[in-house]
Amino acid sequence: MDKQTPLQHHHYPATESEYEAELTETENEFAEQLEAVKEKAHKEIQRYLLWGSLGVVVNISVFYLFNNLLGVEYQISNLIAWVFSVQASFWIDKKLVFKHASAHPFRDMGKFYGTRIFTYVLEALILYVGISLLSFHATITKVIGHGLAIFGNYFFSKWFIFNKKTQKTTN
């Protein structure tokens, strides 16, 4: 946990009006800090959507190439696409989205792949149900499955891999 200096008061309010003025000042400072946090989160989500779309393009393109153009079975195509897109997404998320500095990038990469395995399994199940059981179009099913995986990937990246607590403890 961060070492924070406790609030120190050199002057305690003597009157009710002084108390109200200090309380209002504190509330205003808190509101400014809260607004700054909201703004940072909003910008981070925008970066994830913008730069994360590159990982999506890699994933869908590699899947389409292997499955539709080269005739590789859809689950194998999905695995190949997953490997390419996870590697691209790791560096995009680390450098451009979360702006995470770490002395241990390969440890971060291991955690990144580890969490992506969960969403890979989810996507593979969606492909199986959509393609094998329901006979949907493979690429359309892939887009739907990958779209659902993106949400899980963001939260895993944000809270488990590229969070600021991890950054401070590993540096």
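Colleague: Let's begin with a term: a residue is exposed when its relative accessible area is over 50%, buried when under 20%, and partly exposed in between. In this predicted model, is Leu 133 buried or exposed?

Modeller: Good place to start! Leu 133 sits in helix 3. Its relative accessibility is 52%, and the cut-off for this class is over 50%. Therefore Leu 133 counts as exposed.

Colleague: Which residues join Leu 133 in a nonpolar surface patch?

Modeller: The patch covers about 490 Å². Besides Leu 133, its members are Tyr 128, Val 129, Leu 134 and Phe 136.

Colleague: Let's step back to the whole protein. Which elements does the protein have, from the N terminus on?

Modeller: There are zero strands to look for, and five helices. Read from the N terminus, the order is therefore simple, since a helix is written as α and helices are numbered from that end. The elements run α-α-α-α-α.

Colleague: What share of the residues of the protein counts as buried?

Modeller: The protein has 171 residues. Its accessible surface comes to about 11300 Å², with 68% of that belonging to carbon and sulfur atoms. As for the residues, the share that counts as buried is 32%.

Colleague: Among contacts with a separation of 6 or more, what share comes from residues 24 or more positions apart?

Modeller: Contacts here are heavy atoms within 4.5 Å. Taking those with a separation of 6 or more, the part that joins residues 24 or more positions apart is 66%.

Colleague: Now for helix 3. What distance does helix 3 reach from its first C-alpha to its last?

Modeller: Helix 3 covers residues 105-133, which is 29 residues. At 1.5 Å a residue, the expected value is 42 Å. The model comes close to that, with a reach of 40 Å.

Colleague: Where is the kink in helix 3 centred?

Modeller: The kink in helix 3 is about 25°. A separate feature, a positive phi of about 60°, comes just after the helix at Ser 135. The kink itself is centred on Ile 117.

Colleague: Helix 3 also takes part in salt bridges. How many salt bridges are counted?

Modeller: The rule asks for a side-chain nitrogen of Lys or Arg within 4 Å of a carboxyl oxygen of Asp or Glu. Lys 94 with Asp 108 passes because its closest N and O atoms are 3.9 Å apart. By this rule, the count comes to three.

Colleague: Which residue meets Asp 93 in a salt bridge?

Modeller: The N to O distance of this pair is 3.3 Å. The pair links distant parts of the chain, with Asp 93 in helix 2 (residues 74-97) and its partner in helix 3, 23 residues apart. Asp 93 is buried at 2%, and the partner is buried at 4% relative accessibility. That partner is Arg 116.

Colleague: Apart from neighbours within four places in sequence, which residues does Asp 93 contact?

Modeller: We set aside the neighbours within four places in sequence. From its place in helix 2, Asp 93 is then in contact with Tyr 48, Phe 98, Lys 99, Phe 112, Arg 116, Ser 157 and Phe 162.

Colleague: Back to Lys 94 and Asp 108: are these residues buried or exposed?

Modeller: Lys 94 has a relative accessibility of 2%, while Asp 108 has a relative accessible area of 0%. Because buried means under 20%, Lys 94 meets the condition, and so does Asp 108. Both residues are buried.

Colleague: Which residue forms a salt bridge with Glu 123?

Modeller: The closest N and O atoms of this pair are 2.3 Å apart. The pair links distant parts of the chain: Glu 123 is in helix 3 and the partner is in helix 4 (residues 138-161), 19 residues apart. Glu 123 is buried at 2%, and the partner is buried at 0% relative accessibility. The partner is Lys 142.

Colleague: One more: what distance separates the C-alpha atoms of Gln 87 and Tyr 113?

Modeller: Gln 87 lies in helix 2 and is partly exposed, at 28%. Leaving aside neighbours within four places in sequence, Gln 87 is in contact with Met 109 and Tyr 113. Gln 87 and Tyr 113 are 26 residues apart along the chain, and their C-alpha atoms are separated by 8.4 Å.

Definitions and conventions
Residues numbered from 1 in each chain as written. Predicted model: local features only at pLDDT ≥ 70, side-chain atom pairs only at ≥ 80, totals over all residues. Heavy atoms only, no water. Helix = DSSP H or I, 4+ residues; strand = E, 2+ residues; numbered from the N terminus. Expected span 1.5 Å × (residues − 1). Bend = angle between axes of the 7 residues up to and from the residue. Patch = residues over 30% accessible without salt bridge, like charges linked within 9 Å, V, L, I, M, F, W, Y side chains within 5 Å. Areas by Shrake-Rupley, 256 points an atom, 1.4 Å probe, with all protein chains shown as cover. Buried < 20%, exposed > 50% of the residue type's maximum accessible area, 1.4 Å probe, protein only.
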